[in-house]
Amino acid sequence: MTTVTPNRMPQGEELALLMRCAGYRFNSNGVAAGATAPPKQEDLVAAQQLGWTVGVKQEWTAREVLTRAIDAVQSLDVDSVLSAFIAGIGGSALRGRQIVISYAWACHLADAPRGPQAVPDCGLEEVEWVDVTEVLVRIACGWAWNELPARYLPDLEVAAAQGLPEATDEDRNVLDALLDHIAAQPEGTTPGQLEKSIARARLLPRTDKYQRYGILIALAELGVLPNTLLPPSIDRFVSRTECQAAYRRVRGAPRSDITLPLAAWRGGLDTARVARLANAGR
C-alpha cells in the first residue's frame, strides 16, 4: 500500500504535535532541539488522525524522485524562493532556509545528462527511503542541508502546492547585517571561523551551529559566498562526480561536516549576487 502524507508544511499546533512525535522541541531561544521525553501515545494517534505517518519511510525510485522534482520546480520561481530564504534567515519563517538548496539542485535537472538508468549523476540512489513527516518537521524547524537530495522532494512539492512565505522588513534587516558582517571578514577566513564569528555577533535569530551552517551552505549554493573550485548549483547542473573531484582540491583539510561549495569559500562576497538576493521579492 502506498504511504501518503499531507502535502503541506506543518506549522502552529500541528507542528508542535509532530515535533513531540518526532522527538523535538523548541528551547527557550526558539531553536529546535532534542525532546526531553519520548512521544506520548495520544500524540501519535492525533498525528495519525491528521493524516501524518510517524517513523514510516516511503519507498521511491530515483526516476520517480527525478520526475516529481522536475514537475515541482517548474511551479516555482526564483524570486519567491529567494524571498522565502530571506524569511528563513531573519527567522519569520524557518522553513525558508532549505528551499534555496532544494530549488538549486532541481532547477537544472530537466536538461542534465542522463546516465544508464535515465537518471543524472545527481546524488540519488536507485531506491530511496524517505520519512516525509520527519523531513518536513526538520525543515519547518529551520534545519537545512545539501546532502541526500531525495529529501528535497517533500520541500519542493509542498512549496509548489502551498506556496512560500515572503520576507518581512525585519528579515531583510537581518540579511543586511549578515552580509555586512561577512564582507568585513579578512581574506582567508574559513567557513568554520565565519560561523563562530556570526555566533558571537548574535546575528541570526533562532539558530544553532548547524542551522547557521545550513544558511551559509545555501548562500554558497547561490554563489553569494564564492569559491574557485565548484560552481554554485543555481548556475548549472553540478554532478556528484564533479563535486567529489572538487573535494580533493579543497585547501586546508575542511571539516567533514562542511560541504561544498561552502567548504571552498575563503572570504569575500559576490556583489552582483548579493544585490540579486537583497532585491528578491521587492
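The legends below describe close-up views of a predicted model.

**View 1. Surroundings of Thr-53 in the loop between α2 and β3.** Thr-53 sits in the loop that runs between helix α2 (41–49) and strand β3 (58–61). The relative accessible area of Thr-53 is 18%, and Thr-53 is classed as buried because this value falls under 20%. Leaving aside residues up to four places away in sequence, Thr-53 makes contact with Thr-3, Thr-5 and Thr-133.

**View 2. Salt bridge between Arg-68 and Glu-64 in helix α3.** The structure as a whole contains 10 salt bridges, and one of them joins the side chains of Arg-68 and Glu-64, with an N to O distance of 2.9 Å. Both residues belong to helix α3 (residues 62–73). Because Arg-68 and Glu-64 are four residues apart in this helix, about one helical turn separates them. Arg-68 has a relative accessibility of 23% and is partly exposed. Glu-64 is also partly exposed, at a relative accessible area of 31%.

**View 3. Salt-bridge network of Glu-64, Arg-68 and Glu-157.** The pair of the preceding view is part of a network of salt bridges that links Glu-64, Arg-68 and Glu-157. Within this network, the Arg-68 to Glu-64 bridge spans 2.9 Å from N to O.

**View 4. Salt bridge between Glu-195 and Arg-212.** The side chains of Glu-195 and Arg-212 form a salt bridge of 2.7 Å, N to O. The pair connects distant parts of the chain: Glu-195 lies in helix α9 (residues 191–201) and Arg-212 in helix α10 (residues 209–221), with the two residues 17 residues apart. Glu-195 and Arg-212 are both buried.

**View 5. Salt bridge between Asp-235 and Arg-273.** A salt bridge joins the side chains of Asp-235 and Arg-273, with an N to O distance of 2.7 Å. Asp-235 is located in the loop between α10 and α11 (240–247), whereas Arg-273 is in helix α12 (residues 271–278), so the pair ties together parts of the structure that lie 38 residues apart in sequence. The relative accessibility of Asp-235 is 38%, which makes Asp-235 partly exposed. Arg-273, at 24% relative accessibility, is likewise partly exposed. Each of these two values lies between the 20% limit for buried and the 50% limit for exposed residues.

Methods:
Residues numbered from 1 in each chain as written. Predicted model: local features only at pLDDT ≥ 70, side-chain atom pairs only at ≥ 80, totals over all residues. Heavy atoms only, no water. Buried < 20%, exposed > 50% of the residue type's maximum accessible area, 1.4 Å probe, protein only. Contact = heavy atoms within 4.5 Å. Salt bridge = Lys/Arg side-chain N within 4 Å of Asp/Glu carboxyl O.
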